[in-house]
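Subject: Structure handover and findings

Hello,

Here is the structure I promised you. Please open it beside this message and follow along.

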Amino acid sequence: MQFYYGQQMPLRILDEAEFWKHQEEEHTVVIRELVSGLEPAYVEALKKWEEALSATHQQVVRFIILIRREDSHFNEAKRSKWEMNRLNYYYLN
């Protein structure tokens, strides 16, 4: 990932997380279907991973929706104030 996304960096990070959690979730299914004779313990472990990755994927999607919704409510003055507060927090802590 490149570092020139500016204010969109949080969305870019979440976009990457959303993509990869979805991929990993699908890959647990692919492994179970392609590997015949997989021991039951591994099948169950892959099912649990599928559930955990799905939950993570859905949480990332909710974060993206929240950020996009909040972003549409900010006007430029609020955005500038928010950025200044964020920068002050970053540099002072």
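Is histidine 57 buried or exposed? Histidine 57 is buried, because its relative accessible area is 7%, and the cut-off for buried is under 20%. Please keep in mind that this is a predicted model.

**Histidine 57 and its partners**

Histidine 57 sits in helix H2. Setting aside residues up to four places away in sequence, it touches Glu18, Lys21, His22 and Glu25. One of these partners, Glu25, deserves its own paragraph.

**Glutamate 25**

Glutamate 25 belongs to helix H1, which covers residues 9–34. Its relative accessible area is 17%. That is under the 20% cut-off, so glutamate 25 counts as buried. Beyond its neighbours within four places in sequence, glutamate 25 is in contact with Glu50, Leu53, Ser54 and His57. Check the backbone here too. The C-alpha atoms of glutamate 25 and alanine 55 are 9.6 Å apart. Along the chain, these two are separated by 30 residues.

**Threonine 28**

Threonine 28 is also in helix H1. Threonine 28 is buried, with a relative accessible area of 7%. Which residues does threonine 28 touch, not counting those up to four places away in sequence? They are Leu46, Trp49, Glu50 and Leu53. Glu50 and Leu53 appear among the contacts of glutamate 25 and among those of threonine 28.

**Helix H1 as a whole**

H1 has 26 residues. From first C-alpha to last, H1 reaches 37 Å. That is close to the 38 Å expected at 1.5 Å a residue. The buried residues in H1 are Met9, Leu11, Leu14, Glu25 and Thr28.

Isoleucine 31 is in H1 as well. Isoleucine 31 is partly exposed, at 39% relative accessibility. Together with Val30, Leu34 and Val35, Ile31 makes a nonpolar surface patch of about 350 Å².

**Aromatic pair**

How many aromatic pairs does a search of the whole structure find? The search finds one. Phenylalanine 19 and tryptophan 20 form that pair, and the geometry is edge-to-face. The centres are 4.9 Å apart, with 85° between the planes. Phenylalanine 19 is partly exposed at 38% relative accessibility. Tryptophan 20 is partly exposed too, with a relative accessible area of 44%.

**Salt bridges**

The count comes to five salt bridges. I describe some of them here.

Start with aspartate 15. Aspartate 15 forms a salt bridge with arginine 12, where the closest N and O atoms are 3.5 Å apart. Both residues lie in helix H1, three residues apart, about one turn of the helix. Aspartate 15 is partly exposed, with a relative accessible area of 36%. Arginine 12 is partly exposed at 22%. Look around this pair as well: Arg12, Asp15 and Glu16 are linked in a network of salt bridges.

Next is glutamate 24. Glutamate 24 bridges to lysine 21, with the closest N and O atoms 2.6 Å apart. This pair also lies in helix H1, three residues apart, about one turn of the helix. Glutamate 24 is partly exposed, with a relative accessible area of 29%. Lysine 21 is partly exposed at 22%. Lysine 21 is also one of the residues that histidine 57 touches.

Then move to helix H2, residues 40–73. Lysine 47 forms a salt bridge with glutamate 44, and the closest N and O atoms are 3.9 Å apart. Why are lysine 47 and glutamate 44 separated by about one helical turn? The reason is that they are three residues apart in helix H2. An α-helix has 3.6 residues a turn, so residues three or four places apart point the same way. Lysine 47 is partly exposed, with a relative accessible area of 35%. Glutamate 44 is partly exposed at 43%.

**Where to look**

For a quick tour, begin at histidine 57 in H2, which is buried. Step across to Glu25, which histidine 57 touches. Move along H1 to threonine 28, also buried. Finish at the nonpolar patch of Val30, Ile31, Leu34 and Val35.

Best wishes

Terms used. Residues are numbered from 1 along each chain as its sequence is written. This is a predicted model: local features need pLDDT of at least 70, side-chain atom pairs count only at pLDDT 80 or more; totals for chains, interfaces and linings use all residues. Side-chain values use heavy atoms; hydrogens and water are left out. Helices (H or I, at least four residues) and strands (E, at least two) are DSSP runs, numbered from the N terminus. Buried means under 20% relative accessible area, exposed over 50%, partly exposed in between (1.4 Å probe, protein chains only). Contact means heavy atoms within 4.5 Å. Patches are made of residues with over 30% relative accessible area and no salt bridge: like charges are joined within 9 Å, nonpolar side chains (Val, Leu, Ile, Met, Phe, Trp, Tyr) within 5 Å. Accessible areas come from the Shrake-Rupley method with a 1.4 Å probe; for residues, only the protein chains shown count as cover. A salt bridge is a side-chain nitrogen of Lys or Arg within 4 Å of a carboxyl oxygen of Asp or Glu. The expected span of a helix is 1.5 Å times one less than its number of residues. Rings of Phe, Tyr and Trp (its six-membered ring) pair if their centres lie within 6.5 Å; planes under 30 degrees apart count as stacked, over 60 as edge-to-face and the rest as tilted.
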